[in-house]
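Got your viewer open and a selection box ready? Here is a walk through the model, one stop at a time.

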Amino acid sequence: MRAATGQTLVICGHGMVAQRLLEKLVEQPQNPFEQIVVFNGEATPAYNRIQLSAVLAGDASEDSLQLQQPDWYRKHNIEVHQGDPVIAINRAKKTVSTESGVVQPYSRLVLATGSRPASLGLEGEHLEGVMGFRDLQDTRQLISISQRQRRAVVIGGGFLGLEAAEGLRSRGMAVTVLHRSSHLLNRQLDRASGALLEDALTDRGLSVRTNTCPVALLGRNLVRAVQLDDETLISTDLVVTAAGITPNAELARGAGLDCDRAIRVNAQLQTSDPHIHALGECCQVESQTFGLVEPGYQQAEVLAQVLCDPDSQAAFEPSIIATRLKISGIPIFSCGQTEADADTESVVWQDYETNRYCRLLVRNQRLTGAVLFGETSDGPWYSERIQQADDISPYRAHLAFGKHYCEAA
């Protein structure tokens, strides 16, 4: 129930985190906003970006991505403008201006502008056939290219790059993955599990080159080859860049808000302007930015409370986020520390026959990290141990065998 205060909330961006904010707002017992207006830079309402890889691989349809039906927005009196991004903020007048010329006043403004693929800074990055894999339009374009071309190079062996590579491979393309680190998914996996993943993907038909950096993309108008740092040339018809993200903070910078790598916010997700908030991939809390959806969801829950209750004590605190992935059907789990240091001990369990692997990192009888490959059902329990930092001494001998054995110890 909205109080008749005449307040207007404007949200710039309509990705998964902005949608979660809307859902949390309508759940609040006191909602002061008479009007909620969303300006979406994409032509499509909020959708599940995590499933774009399944659409690329042909395992899911576009229809399955939609997060809410149009009736939901009408029911909650939420006005959504598709394909009309905000291009300027007038903080003095408290208005935003959109690409189509709409000028919308606001009482509170939320920036949920997300991110884009990081530029590689390479010669030839502007060539046709060089693209990212971030949204539905990218996915459609990649599917179209895969129907006409045969060779692809994916730059980046993180989650997004491997999902793009597997999707293109499943559509019949010959795909080479280039990764500058020593092993795939180096932020989530240790060297041993990264090697297991590389072997599994190679068996499926991907070509993987680690410890490899491209230095130029070659071609006149269309990309035709990638030149590596050892002067090797790889012929290709398509290059997908997936080597990190850049927060979309230009709108905030143009409005004079305090920005670093992203838009600076406090624990209430408030920017340097008390009437403007930011969340998701475009925001920065102290020195930390966020590339996963889970912290964005946590921010949305906090911000919904802050916006609806001036006296709310809700605050966002960055925490250890567990990563649970499936790459080509292989389950992977990671939480906390992934590589040992001088103060940690490793507990390792591996089954070569079933290709399962578990590495646990322990410091002072406390679990500080877990890496699971092939079998991840105990991942949430390990994550809980890491978060709670409880003493594992009573069941340390059984730790690698999971929750059931430890609780029975």
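## Stop one: the cysteines

Select Cys 259 and Cys 282 and show their side chains: Cys 282 holds the closest cysteine sulfur to that of Cys 259, but at 9.1 Å the two are too far apart for a bond. Keep in mind as you click around that this is a predicted model. How many disulfides does a search of the whole structure find? The count is zero, where a disulfide would need two cysteine sulfur atoms within 2.5 Å.

Now pick Cys 406. Its nearest cysteine sulfur belongs to Cys 358, 9.9 Å away, and Cys 406 is in no disulfide. Is Cys 406 buried or exposed? Its relative accessibility is 3%, so Cys 406 counts as buried. Leave Cys 358 displayed, since the next stop comes back to it.

## Stop two: the antiparallel sheet

Start with the hairpin. Strands β24 and β25 run antiparallel and are joined by seven bridges. Within that pairing, Trp 349 stands opposite Cys 358 of β25. Four residues lie between the two strands, and if you check the backbone of the turn you'll find Asn 355 with a positive phi of about 60 degrees.

Next, widen the selection to the whole sheet. This one is open and antiparallel, with five strands in the order β22-β23-β26-β25-β24. Its edges are β22 (323–327) and β24 (345–351), each pairing on one side only. From one strand to the next, the twist averages 15 degrees.

For a look further inside, select 330–336 and 366–373. These are β23 and β26, an antiparallel pair held over five bridges. Gly 336 has Gly 369 as its bridge partner in β26.

## Stop three: a helix across that sheet

Add helix α9, residues 379–388. What does α9 lie across? The strands under it are β22, β23, β25 (356–363) and β26, and α9 runs at about 160 degrees to β26.

Zoom in on Gln 387, which is found in α9. This residue is partly exposed, with a relative accessible area of 42%. Beyond its neighbours within four places in sequence, Gln 387 is in contact with Ser 319 and Ile 320. For a sense of scale, draw a C-alpha to C-alpha distance from Gln 387 to His 76: they are 37 Å apart in space and 311 residues apart in sequence.

## Stop four: the parallel sheet

Clear the view and bring up another open sheet of five strands, this time with parallel pairing, in the order β9-β16-β10-β11-β12. At the edges are β9 (130–131) and β12 (207–209); each has a single partner strand, so one side of each has no neighbour in the sheet.

Highlight 151–155 and 174–178, the strands β10 and β11, which pair in the parallel sense over five bridges. Ile 155 has Leu 178 as its bridge partner in β11. Then add 159–170: this is helix α5, packed on the sheet and touching β10, β11 and β16 (239–241), with its direction at about 170 degrees to that of β11.

## Stop five: the nonpolar cores

In soluble globular proteins, nonpolar side chains tend to be buried together. Which residues have the most contacts inside the largest nonpolar core here? They are Ile 89, Leu 109 and Leu 111, in a core of 51 residues. Helix α8 (residues 293–308) gives the most to this core, with seven residues.

Put Leu 109 at the centre of your view. Not counting residues up to four places away in sequence, Leu 109 touches Val 10, Cys 12, Ile 89, Val 96, His 275, Ile 276 and His 277. There is also a second, separate core of 38 residues, including Tyr 47, Leu 206, Ile 330 and Tyr 357.

## Last stop: a buried helix and a buried threonine

Select 16–27 for helix α1, twelve residues that reach 17 Å from first C-alpha to last, close to the 16 Å expected at 1.5 Å a residue. Nine of those twelve residues are buried, so α1 is largely enclosed by the rest of the structure. Among the buried ones are Met 16, Gln 19, Glu 23 and Lys 24.

Finish on Thr 98 in strand β5, residues 95–98. Thr 98 is buried, at a relative accessible area of 3%. Leaving aside neighbours within four places in sequence, its contacts are Phe 39, Asp 84, Pro 85, Val 86 and Ile 87.

Definitions and conventions
Residues are numbered from 1 along each chain as its sequence is written. This is a predicted model: local features need pLDDT of at least 70, side-chain atom pairs count only at pLDDT 80 or more; totals for chains, interfaces and linings use all residues. Side-chain values use heavy atoms; hydrogens and water are left out. Buried means under 20% relative accessible area, exposed over 50%, partly exposed in between (1.4 Å probe, protein chains only). Contact means heavy atoms within 4.5 Å. Two strands pair if DSSP finds at least two bridges between them. Axes are lines fitted to C-alpha atoms, for helices over the stretch in contact, and angles run from 0 to 180 degrees between N-to-C directions. The expected span of a helix is 1.5 Å times one less than its number of residues. A nonpolar core is a set of buried Ala, Val, Leu, Ile, Met, Phe, Trp, Tyr and Cys residues joined through side-chain atoms within 4.5 Å.
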